[in-house]
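User: Please take a close look at the salt bridges in this model. Where do the partners sit, and are they buried or exposed?

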Amino acid sequence: MKRTLMRPGGMPDSASAPVVTPLMPSVAYASDTPDRLDDQYEGRAAGYTYAREGHPNADVLARRIDAMEGAPHPGVVVGSGMAAVTAVLLGLCKTGDHVIGGDQLYGRSLRMMREDLPRLGIATSLADPTDAAAIAAAVRPNTRLVLIEVVSNPTLRIADIDGIAQVCRDRDVLLVVDNTFTTPRAIQPFEHGADVVLHSVTKLLAGHADVTLGWVAARQAEQAKMMYDFAVTTGMTASPFDCWLAERGLMSFELRFDRAEATAARLADHLAGQPLVKRVLFPTRPDHPDRARAQGVLQGHGCNMVSFELEGGRAAANAFTQGAHQIAFAPTLGDVGTTLSHPASSSHRALTAQSRAALGMSEGFFRVSVGLEDPEALIAAFDAGLAAVAATK
Ligand SMILES: *Cc1c(COP(=O)(O)O)cnc(C)c1O
């Protein structure tokens with residue numbers, strides 16, 4: 001046996017190139033000389049050093065999302081959507097700052113606002129993002145940023161992003177938009193004046209419920225660098241394999257989004273005609289409370305989320321999930337498969353029944369993330385759920 005040193009000599013030569021991004025799991029990158037390493041660190045040569053600081057699969061994915069969002073500066077891919085939220089909040093704020101959050105943010109973002117930031121000496125307020133005046137009233141001299149989602153979860157209210165952007169410009173406060181629900185297909189927040197945009201790539205962008213990733217980008221180079229340094233220092237780095245899978249998912253993002261959105265519109269109309277359904281929420285329906293704003297802000301898109309309220313409270317909700325057993329009752333969204341969420345027992349269980357009621361979320365309230373199933377088959381699965389509710393009456 002001929003013995004070799006530990007490292008192989010790279011890939012075999014090929015006059016032709018792969019059409020798919022290679023997976024590069026290497027943790028470290030070897031340099032020719034200390035001079036060449038200086039060139040890299042000082043920006044005269046491109047290259048990688050250590051995967052926590054950056055690696056090719058994360059960069060390939062980040063450049064694709066940058067392009068979709070029209071990011072003014074390169075964004076960074078991190079290990080989850082919450083890592084992206086954290087990179088913004090802790091990368092850009094310091095003790096003594098004040099932060100405003102939309103009052104219906106994603107559950108863990110709300111927890112950051114209520115518990116973690118105050119513990120670190122960063123004051124927080126929550127305000128209604130459908131009302132720019134309410135956000136303006138919450139601004140203090142030390143307010144650093146406002147974090148909003150364009151479509152709220154699970155009540156699907158539409159934020160007054162343009163009004164809030166104006167407030168932020170006037171008061172020299174950063175506007176941060178979590179664009180996970182809406183995606184760049186429906187809105188590109190940088191065009192509306194956002195200073196920072198972030199995603200849970202886990203959801204619609206990667207789209208197959210098999211990777212957990214986040215992305216964040218800023219308008220100003222200084223803020224982009226602060227978030228990048230914070231992410232790298234605190235180890236928010238994404239796995240190359242996850243980035244590779246997410247890039248694969250991203251190839252079909254637009255097709256998936258359009259298909260899911262069309263089915264969501266059909267499902268919403270179908271549910272609205274059912275006697276056991278009290279209320280249906282979908283941004284393009286004429287009965288949506290923010291329809292006019294949705295038309296403008298989402299450019300006619302409704303996205304893939306539908307919420308509805310059943311008559312009959314928890315008993316009806318139990319009967320429904322059992323009857324609609326073909327639909328995954330699971331806490332994610334934006335997957336190729338339709339998922340059903342029951343906020344009262346999951347995302348919003350920490351709230352009192354009274355606070356849930358104030359947000360319009362009873363025990364009969366469900367949120368649906370519509371996937372890519374055949375629309376007829378999906379509607380039949382929902383009808384099976386409704387039939388099970390009817391059988392309990
Ligand atoms: C899921 C989600 C997050 C968190 O993303 P993870 O990838 O699960 O960490 C943040 N914001 C919104 C709107 C989400 O839906």
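Analyst: Salt bridges come first here, then the ligand site. This is a predicted model: local features need pLDDT of at least 70, side-chain atom pairs count only at pLDDT 80 or more, and totals for chains, interfaces and linings use all residues. Residues are numbered from 1 along each chain as its sequence is written, and side-chain values use heavy atoms, with hydrogens and water left out.

Side chains of opposite charge can pair when their charged atoms come close. A salt bridge here is a side-chain nitrogen of Lys or Arg within 4 Å of a carboxyl oxygen of Asp or Glu. That rule gives 21 salt bridges.

Start with Asp 116 and Arg 119. Their side chains form a salt bridge at 2.9 Å, N to O. Both residues belong to helix H4 (residues 107–119), three residues apart, so about one helical turn separates them. Helices (H or I, at least four residues) and strands (E, at least two) are DSSP runs, numbered from the N terminus. Asp 116 is buried at 13% relative accessible area. Arg 119 is exposed at 59%. The cut-offs are under 20% for buried, over 50% for exposed and partly exposed in between, with a 1.4 Å probe and protein chains only.

Next, Glu 254 pairs with Arg 185. The closest N and O atoms of this salt bridge are 3.6 Å apart. Glu 254 lies in helix H10 (residues 253–272) and Arg 185 in helix H7 (residues 183–186), so the bridge ties together parts 69 residues apart in sequence. Glu 254 is partly exposed at 46% relative accessibility. Arg 185 is also partly exposed, at 28%.

Then comes Arg 285 with Asp 269. Their closest N and O atoms are 2.7 Å apart. The pair links distant parts of the chain, 16 residues apart: Arg 285 is in the loop between strand E8 (277–281) and helix H11 (291–297), and Asp 269 is in helix H10. Arg 285 is buried, at 14% relative accessible area. Asp 269 is partly exposed, at 45%. Elsewhere, shared partners join Arg 36, Asp 39, Glu 42 and Arg 44 into one salt-bridge network.

Now the ligand. A nitrogen atom of the ligand is 2.6 Å from a side-chain N or O atom of Asp 178. A backbone N or O atom of Gly 81 lies 2.8 Å from a ligand oxygen atom. For Met 82, a backbone N or O atom is 2.9 Å from an oxygen atom of the ligand.

Key:
A polar contact is a pair of N or O atoms within 3.5 Å; within protein, one must be able to donate a hydrogen and the other to accept it, and residues adjacent in sequence count only if both atoms are side-chain atoms.
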